Amino acid sequence: MVTCGTKPDSTERFQRMVEKLKEHGLRMTPQRLVIVQALVASEAHPSVEDIHMQVSRTFPTTSLATVYKTVSLLKELNEVLELGFPNMSNRYDGLKPYPHPHVICLQCKKIMDPELVSMAGLAEEISEKTGFVIVSHRLDFFGMCPKCQRREND
């Protein structure tokens, strides 16, 4: 299991994701490159629709299906972490494709990655107390971000 660490380098992530796609026989079209770039350039955990809007600025004829296929393949290759939510679109993390904690604003839907030193210890403790072999985890905290709190108090 991979645990939380320091902030990943987006250039290295971009190169790794492109190499993984090439290893699986995919042509690296300009559209695919922009999709990968959108994933690694964003700390906001974009949805497929967000990525499509960004790609469409450069390549207006790119279909939503192309974005879905590329993101799905990267997810299958463990190069993108998918975050599913019942009340909003799935969001994707191309910078940290491994389990890590998230803080999600219930109003604006902003997602942040807090750096928690104790995550590895928590997984080990849960394993010890339950007998489970932990292969993955998901820890989400829901609340209201500072910006939405200020708006609510105005």
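**Cys105, its sheet and the rest of the fold**

User: Which residue in strand 5 stands opposite Cys105?
Analyst: Keep in mind that this is a predicted model. Strand 3 covers residues 102–105, and four bridges join strand 3 to strand 5 in a parallel run. Opposite Cys105, in strand 5, you'll find Gly143.

User: OK, and which strands stand at the edges of that sheet?
Analyst: Three strands make up an open sheet with mixed pairing, in the order 4-3-5. The two edge strands have a single partner strand each, so one side of each is left without a neighbour in the sheet. Those edges are strand 4 (111–112) and strand 5 (140–143).

User: What are the bridge partners of Val103 and Ile104 in strand 4?
Analyst: Strand 3 and strand 4 pair in the antiparallel sense, over two bridges. Val103 goes with Met112, and the partner of Ile104 is Ile111.

User: Which residue takes a positive phi in the hairpin of strand 3 and strand 4?
Analyst: That hairpin has five residues between its strands. The phi in question is near 70°, and the residue that takes it is Lys109.

User: There are cysteines around here, so how many disulfides does a search of the whole structure find?
Analyst: The nearest cysteine sulfur to Cys105 is that of Cys108, 3.7 Å away; a disulfide needs the two sulfurs within 2.5 Å, so Cys105 is not in one. The sulfur of Cys148 is 3.6 Å from the closest cysteine sulfur, in Cys145, which is too far for a bond as well. Over the whole structure, the number of disulfides found is zero.

User: Are Cys105 and Cys148 buried or exposed?
Analyst: The cut-off for buried is under 20% relative accessible area. Cys105 comes in at 3% and Cys148 at 0%. Both Cys105 and Cys148 therefore count as buried.

User: What about Arg91: which side chain of opposite charge is nearest?
Analyst: Arg91 is in strand 2 (residues 88–93). Arg91 is buried yet has no salt bridge, and its touching residues include Glu82, Lys109 and Ile111. A salt bridge needs a distance within 4 Å, and the nearest oppositely charged side chain is 4.6 Å away; that one is Asp50.

User: Which helix gives the largest share of the largest nonpolar core?
Analyst: The core has 18 residues, and Met17, Ile35, Leu39, Ile51, Val71 and Leu74 have the most contacts inside it. Helix 1 (10–23), helix 2 (30–41), helix 3 (48–58) and helix 4 (64–76) each give two or more residues to this core. The largest share, five residues, comes from helix 2.

User: How many residues are in the second, separate core?
Analyst: Among the members of this second core are Leu81, Leu83, Phe85 and Met88. Leu81, Leu83 and Phe85 also turn up among the residues that Arg91 touches. The count for the second core is six.

User: Stepping back, how many helices and strands are in the chain?
Analyst: Along the sequence the pattern reads α-α-α-α-β-β-β-β-α-β-α. The C-alpha trace spans about 50 × 45 × 25 Å along its principal axes. Counted up, the chain has six helices and five strands.

User: What part of the 154 residues is buried?
Analyst: On contacts, residues 24 or more positions apart account for 55% of those with a separation of 6 or more. As for burial, the buried part of the 154 residues is 34%.

Conventions. Residues numbered from 1 in each chain as written. Predicted model: local features only at pLDDT ≥ 70, side-chain atom pairs only at ≥ 80, totals over all residues. Heavy atoms only, no water. Pairing = 2+ DSSP bridges. Buried < 20%, exposed > 50% of the residue type's maximum accessible area, 1.4 Å probe, protein only. Lys, Arg positive; Asp, Glu negative; His and termini not counted. Contact = heavy atoms within 4.5 Å. Core = buried A, V, L, I, M, F, W, Y, C linked by side-chain atoms within 4.5 Å. Lists of a residue's contacts leave out its neighbours within four places in sequence.
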